[in-house]
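Take a walk through this protein chain, one piece at a time. Keep the structure in view as you read.

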Amino acid sequence: RRCVEETGAPTRVTTSSGVFEAGRVVVTAGPWTAKLLPGLQGRLRVTRQSVGYLRFEGDTDGLPPWIWQGSGDDNNYYGLPSMGRPGAKVALHRTLGPADDPDDRYDAEPEVWAVMDWARQRFAWTLTGVVGSEACHYTNTHDEVFVLDAAPGLPGVVVGAGFSGHGFKFGPLTGRILAELVMDGVTTVAPFEAHRARFAASGRGG
């Protein structure tokens, strides 16, 4: 059973590789965060993402990173040019719909075919097929504002979660914030401190 437990001091972390103890802990477990920290189950929601790598006829080397914003819910698509593997990356940015369990196995290919149908209607290049697919997960908050806070009920533990598919863009900054939070309880990042309640684990910030 993987878990993070408050045992007075230090904190005990149980993993598949053994049990570890530490005076301070930073939890950044992505879609497994709420399983490790049940106090966040009402704050975080996991949705699976199916990504397709599509082959087009013609030269797509100049294709930039892009996003297409449609009307309605869950109608945003994005993509990247070929980088280190064949095929341009195209995917639906899905944050709504049924919640998913990150431990479940599922086949991304059927959803990728739907992405391919969408791309066929909108790209100027002729789509010739799917060269690959993969699955990943978003860990969402209701407003897509990150959780950067002390973990509920666990002294000495802070959590970074709920990045809603775009946390990678802020990696250096969130790393600094989490490191300072776990060591000092306060950060040197003035904009974060000014709006700190928005990033609370409770989700009650204004």
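Which residue takes a positive phi in the hairpin of β6 and β7? Gly 72 does, with a phi near 85°. Six residues lie between the two strands of this hairpin. Remember as you look that the model is predicted.

Stay with these strands for a moment. β6 and β7 are antiparallel partners, paired over four bridges. Find Gln 69, and across from it you will see Asn 76 in β7. β7 also pairs with β8. That pairing is antiparallel too, and it has four bridges. Here Leu 80 faces Lys 89 of β8.

Now move to helix α2, residues 109–122. How far apart should the ends of α2 be? The helix has 14 residues, and at 1.5 Å a residue they should span 20 Å. The end C-alpha atoms are 20 Å apart, so the model agrees with the expected value.

Next, ask which residues of α2 are buried. They are Val 112, Val 115, Met 116, Trp 118 and Ala 119. These residues cover an arc of only 165° around the axis, so they sit on the same side of α2. Pro 110 and Gln 121, on the other side of the helix, are exposed. What does the buried side pack against? Its buried residues pack against β5 (45–57), β6 (66–69), β7 (76–80), β8 (88–92) and β9 (126–140). So the hairpin strands you have just visited, β6 and β7, are among the packing partners of α2, because the buried residues of the helix pack against them.

Turn to another sheet. It is open, has three strands, and runs in the order β4-β11-β10 with mixed pairing. β4 and β10 (147–150) are at the edges. Each has a single partner strand, so one side of each has no neighbour in the sheet. Neighbouring strands here are turned by 15° against each other on average, direction ignored. β4 and β11 run parallel and are joined by three bridges. Val 26 stands opposite Val 158 in β11.

Some residues of these strands also belong to a core. The largest nonpolar core has 16 residues. Val 4, Val 27, Leu 37, Val 157 and Val 159 touch the most other members. The elements that give two or more residues are β4 (25–27), α1 (33–36) and β11 (157–161). β11 gives the most, with three residues. Look closely at Val 159. Beyond its neighbours within four places in sequence, Val 159 contacts residues including Val 27, Leu 37, Val 147 and Leu 178. Apart from this core lies another, of 13 residues. Trp 66, Met 116, Trp 118 and Phe 123 are among them.

Finish at helix α3, residues 171–184. Is Glu 180, a residue of α3, buried or exposed? Its relative accessibility is 17%, so Glu 180 counts as buried. Leaving aside neighbours within four places in sequence, Glu 180 touches Gly 185, Val 186, Thr 187, Thr 188 and Val 189.

Ile 177 is in α3 as well. At 4% relative accessibility, Ile 177 counts as buried. With the same neighbours set aside, those within four places in sequence, Ile 177 contacts Leu 148, Thr 187, Val 189 and Phe 192. Ile 177 and Val 189 are twelve residues apart along the chain, and their C-alpha atoms are separated by 7.1 Å.

How values were computed. Residues are numbered from 1 along each chain as its sequence is written. This is a predicted model: local features need pLDDT of at least 70, side-chain atom pairs count only at pLDDT 80 or more; totals for chains, interfaces and linings use all residues. Side-chain values use heavy atoms; hydrogens and water are left out. The expected span of a helix is 1.5 Å times one less than its number of residues. Buried means under 20% relative accessible area, exposed over 50%, partly exposed in between (1.4 Å probe, protein chains only). The arc is that of the directions from the helix axis to the C-beta atoms. Contact means heavy atoms within 4.5 Å. A nonpolar core is a set of buried Ala, Val, Leu, Ile, Met, Phe, Trp, Tyr and Cys residues joined through side-chain atoms within 4.5 Å. Two strands pair if DSSP finds at least two bridges between them. Axes are lines fitted to C-alpha atoms, for helices over the stretch in contact, and angles run from 0 to 180 degrees between N-to-C directions.
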